[in-house]
Each structure stands twice: as C-alpha cells, then as structure tokens.
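Trainee: I would like to go through this model with you. May we start with the strand pairing and then turn to the ligand?

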Amino acid sequence: MIKKISFTPIVDSRGSLIAIEEPTIGFTVKRIYYIYGANSATRRGYHAHLNLKQFFICISGSCKIQFEEDSDVKVINFNSNDKGVYVEGIVWREIYDFSNDCILLVLASEVYNEEDYIRDYKDFKKLSN
Ligand code: TYD
C-alpha cells in the first residue's frame, strides 16, 4: 500500500515548522535514515521489503520514487517537504532524479535487517503474484 499524506506547516515570521506524530506515521519509528549527496545520474533502491513499513519525506530538494505494487507502477515526485508517502507491503522501489540538494528522510518501523529485503526483481514478481 502506498499512501500520500500532506502535513500542515506552522508558519510565522521566523519560518516554518512541521510536526509529525505517531498516528500520522502509522507505526512506531525504530529507525531513521536519510539519503543525500546523490545526483541526477543516481538510481538506487532496487528492492522491496517483506514486513517493513516506511515513511518517506523529501525534506530538501527533490527526487522521484517509482513504486511497483502487484503490476501497478506509480511514480511519485518528491518536491515538497510538506508531503510524505507511507509504504507497506511488498512494493518494489527505485529512487532517481535527485537534485544535488536532495535530502530524503526515511522513517522505518524496524531496525535494519538484510533478511527483510527482496533484492532480486524476479523474487519480487514471484512474491507479489
Ligand atoms: P542500500 O540498501 O543499498 O540503499 P538504497 O536502498 O537506497 O539503494 O543501503 C546502502 C548501504 O547502507 C548498504 O550497505 C546497507 C546499509 N544500510 C544500513 O546499514 N542501515 C540502513 O538502515 C540502511 C537503509 C542501509
């Protein structure tokens, strides 16, 4: 499942603040990581997860993520820090078209576990059918 969520910034003359609480995220966060220093030639991801739930927020710059779930392929343009995308289930993802200033923040429901990864596209197709 892929779900887009908008946040409401709290704006005043000092700037803006976005607060995101657990009910919005949909899971207890056990891990946070962020991807930065990528560029327009970078393409990464190329995997799905068995059980992980994730929440993606592009807090600076822009990038795109192509999500494939069952046979449905969807590209989401991450170009605003007031939107996030919740992902659960067996979803193949490829991340690309990074601006140089892109910082992609990812909140995850589990600590890092290589065994949760599906890194072979053929395995992904088998599992999603
Ligand atoms: P990788 O899965 O290749 O990143 P991406 O999905 O963006 O292509 O991860 C890069 C490296 O970082 C790899 O050696 C695994 C390691 N890593 C961690 O140690 N902890 C983490 O939480 C993540 C996401 C990756």
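Mentor: Let us begin with one residue pair: His47 has Arg93 in β10 as its bridge partner. Strands here are DSSP runs of E of at least two residues, numbered from the N terminus, and two strands pair if DSSP finds at least two bridges between them.

Trainee: Before we go on, what kind of model is this?

Mentor: This is a predicted model, in which local features need pLDDT of at least 70 and side-chain atom pairs count only at pLDDT 80 or more, while totals for chains, interfaces and linings use all residues. Residues are numbered from 1 along each chain as its sequence is written, and side-chain values use heavy atoms, with hydrogens and water left out.

Trainee: How many bridges link β5 and β10?

Mentor: Four bridges link β5 and strand β10 (residues 91–96), in the antiparallel sense. β5 is also joined antiparallel to strand β12 (residues 117–118), by two bridges. In that pairing, Ala48 faces Ile118 of β12.

Trainee: Now the ligand. Which residues surround the ligand?

Mentor: The shell consists of Arg31, Tyr33, Ile35, Arg44, Gly45, His47, Tyr112, Tyr117 and Arg119; a residue counts if one of its heavy atoms lies within 4 Å of the ligand.

Trainee: How do those residues divide by character?

Mentor: Four are nonpolar, two polar and three charged. In this scheme, Tyr and Ile are among the nonpolar types, Arg is charged, and Gly counts as polar.

Trainee: Which polar atoms lie by the oxygen atoms of the ligand?

Mentor: A polar side-chain atom of Arg31 is 2.4 Å from a ligand oxygen. For Arg44, a side-chain N or O atom lies 2.7 Å from an oxygen atom of the ligand. Gly45 contributes a backbone N or O atom, 2.8 Å from a ligand oxygen. A polar contact is a pair of N or O atoms within 3.5 Å.

Trainee: How much of the ligand does the protein bury?

Mentor: The protein buries 60% of the 530 Å² that the ligand exposes when taken alone. These areas come from the Shrake-Rupley method with a 1.4 Å probe.

Trainee: Which elements give two or more residues to that shell?

Mentor: They are β4 (31–36) and β5 (43–49).

Trainee: Where does β4 sit in its sheet?

Mentor: The open sheet has five strands in the order β1-β9-β6-β11-β4, with antiparallel pairing. β4 is an edge strand, as is β1 (2–6), and each pairs on one side only.

Methods
A polar contact is a pair of N or O atoms within 3.5 Å; within protein, one must be able to donate a hydrogen and the other to accept it, and residues adjacent in sequence count only if both atoms are side-chain atoms.
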